[in-house]
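Let's take a walk through this one, starting from a single side chain and working outwards. Have the viewer open as you read.

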Amino acid sequence: MPMQERLQHLFSVVSGQRFLNKQGLGNEVPFFICPYRPEEAVEMERLQRQLVNRLEQAGIRILSINLYDLAVDILKERDIWEQVLELEPTVSKDQLKELLQGVLDPEAHLVPAIAAKLQSVDFDVLFLSGVGEVFPYIRSHNVLNNLQSTAKDQPTVMFFPGSYTHSLETGASLDLFGRLHDDKYYRAFNIFHYEA
């Protein structure tokens with residue numbers, strides 16, 4: 001689907017009362033995946049900004065959180081950003097990944113930081129982006145699993161560089177960059193399959 005058609009579809013869905021009132025979800029958490037091809041990342045970023053502008057002009061308040069920017073903020077708040085930058089060229093990728101996974105653990109650090117943002121502003125829909133930039137030290141399914149109890153009052157849309165597939169044989173899976181099988185995640189809906 002061309003970008004302008006996607007923009008129109010996303011606007012129609014997200015601005016609709018069915019979406020905003022969390023109808024048709026079968027008592028599931030109001031989580032939606034907006035998959036896109038990784039090579040469309042720059043276009044999708046632009047589309048997301050256009051979508052936020054159009055939605056806000058229509059009176060729908062969007063809280064946009066980029067996971068990469070949030071991760072950097074957390075590292076700075078914990079006074080370890082400079083240490084990570086100094087350490088990065090001297091340690092193996094596995095050691096760096098392990099360090100970042102610890103200090104940016106979704107349950108202990110990332111989701112509480114998201115929760116603080118959720119409580120600090122009034123909003124109608126949460127947009128999460130930056131998924132590709134924080135891989136592999138933050139995994140999207142871990143973020144979603146840990147957000148289930150925190151972000152259940154308003155719909156959440158995760159912009160995902162890859163595919164979100166459902167099949168009877170394999171269940172549901174998030175495949176980052178169309179190559180990396182992130183994990184089974186069943187509790188989200190593909191926003192392109194949700195009726196406006």
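**Starting from a buried arginine**

R6 has a relative accessible area of 7%, and because anything under 20% counts as buried, R6 is buried. Keep in mind that this is a predicted model. R6 sits in helix 1, and if we skip residues up to four places away in sequence, it touches M1, Y36, E40, M44, L47 and F192.

Two of those names lead straight on to the next stop. M44 and L47 belong to the helix 3 side of a helix pair, and R6 itself is among the helix 1 residues in that contact. So how do you describe such a pair? Two packed helices are characterised by the angle between their axes and the distance separating those axes. Here, helix 1 (residues 3-15) packs against helix 3 (residues 41-57) at about 40°, with the axes 10 Å apart. That angle makes helix 1 oblique to helix 3, and the crossing is right-handed. From helix 1 the contact draws on residues including M3, L7, L10, F11 and V14, while helix 3 brings in L51, R54 and L55, among others. Sorted by class, the contact has nine nonpolar, four polar and three charged residues.

Now back to Y36, another of R6's contacts. Y36 is part of strand 1, residues 31-36, where six of six residues are buried. Which residues cover each side? F31, I33 and P35 are on one face, with F32, C34 and Y36 on the other, and all are buried. Strand 1 also has a partner: it pairs with strand 7 (residues 188-190) in the parallel sense, over three bridges. Within that pairing, F31 stands opposite A188.

Technical notes. Residues numbered from 1 in each chain as written. Predicted model: local features only at pLDDT ≥ 70, side-chain atom pairs only at ≥ 80, totals over all residues. Heavy atoms only, no water. Buried < 20%, exposed > 50% of the residue type's maximum accessible area, 1.4 Å probe, protein only. Helix = DSSP H or I, 4+ residues; strand = E, 2+ residues; numbered from the N terminus. Pairing = 2+ DSSP bridges. Axes fitted to C-alpha atoms, helices over the stretch in contact; angles between N-to-C directions. Parallel < 35°, antiparallel > 145°, perpendicular 65-115°, else oblique. Left-handed = near helix turned anticlockwise from the far one by under 90°. Contact = heavy atoms within 4.5 Å. Nonpolar A, V, L, I, M, F, W, Y, C, P; charged D, E, K, R; others polar.
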